[in-house]
Amino acid sequence: PLVHRFAWRMSAADPWFLLRTWSEQATFNNVLFGEIGNITVVAEARDTLGSVSSAVGNVEIVVPTEPLAVEVMLTAIAAVQSGGDLYATLAAVTAVAGRT
């Protein structure tokens with residue numbers, strides 16, 4: 001079976017930040033980047049022989065035109081927290097706190 005991992009960075013000069021280490025799960029979700037601007041995301045797949053393939057995509061994060069409702073922000077934090085990753089939860093809380 002293939003294993004996958006995902007990472008992101010703001011610019012080519014920045015280091016990659018892992019969203020997930022190698023896992024059989026082929027997707028990621030509930031990510032709050034907390035940065036405004038263009039973000040590059042890389043998805044890698046590794047087979048049992050160790051060969052790695054990758055795909056790169058770009059995402060533009062913009063400032064909302066209206067304030068987000070508190071319920072929306074709390075729902076986002078709860079969704080991240082349900083993944084059981086303490087660091088992701090801390091990042092989500094930090095991102096939301098920066099918006100209030």
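In the predicted model, helix α1 exposes Glu71, Leu74 and Thr75 on one side, whereas Met73, Ile77 and Val80 of the helix are buried. These three buried residues cover an arc of only 65 degrees around the helix axis, which places them on the same side of α1. The exposed residues Glu71, Leu74 and Thr75 are found on the other side. Burial is taken here as a relative accessible area under 20%, and exposure as one over 50%. The length of the helix agrees with expectation, because twelve residues at 1.5 Å a residue should span 16 Å, and the end C-alpha atoms of α1 are 16 Å apart.

The cover over the buried residues of α1 includes α2. Consistent with this arrangement, the largest nonpolar core consists of five residues, namely Met73, Ile77, Val80, Ala92 and Val96. The elements that contribute two or more residues to this core are α1, spanning 70-81, and α2, spanning 86-97. Of the elements involved, α1 gives the most, with three residues.

The strands of the model were examined next. Four strands form an open sheet, arranged in the order β2-β1-β3-β4, and their pairing is antiparallel. In general, the strands of a sheet pair through backbone hydrogen bonds, in either a parallel or an antiparallel manner. The edges of this sheet are occupied by β2 (17-23) and β4 (52-61), each of which has a single partner strand, so that one side of each is left without a neighbour in the sheet. On average, and with direction ignored, neighbouring strands of the sheet are turned by 15 degrees against each other.

Within the order of the sheet, β1 stands between β2 and β3. Strand β1, comprising residues 3-9, runs antiparallel to strand β3, comprising residues 37-46, and the two are joined by seven bridges. Among the pairs in this register, arginine 5 has glutamate 44 of β3 as its bridge partner, while phenylalanine 6 has alanine 43 of β3 as its bridge partner. The pairing of β1 with β2 is likewise antiparallel and extends over four bridges. Phenylalanine 6 also takes part on this side, where the residue opposite is arginine 20 in β2. Phenylalanine 6 is thus placed between alanine 43 of β3 and arginine 20 of β2. Strand β1 is mostly covered, with six of its seven residues buried.

Notes: Residues numbered from 1 in each chain as written. Predicted model: local features only at pLDDT ≥ 70, side-chain atom pairs only at ≥ 80, totals over all residues. Heavy atoms only, no water. Core = buried A, V, L, I, M, F, W, Y, C linked by side-chain atoms within 4.5 Å. Buried < 20%, exposed > 50% of the residue type's maximum accessible area, 1.4 Å probe, protein only. Pairing = 2+ DSSP bridges. Axes fitted to C-alpha atoms, helices over the stretch in contact; angles between N-to-C directions. Expected span 1.5 Å × (residues − 1). Arc of directions from axis to C-beta. Contact = heavy atoms within 4.5 Å.
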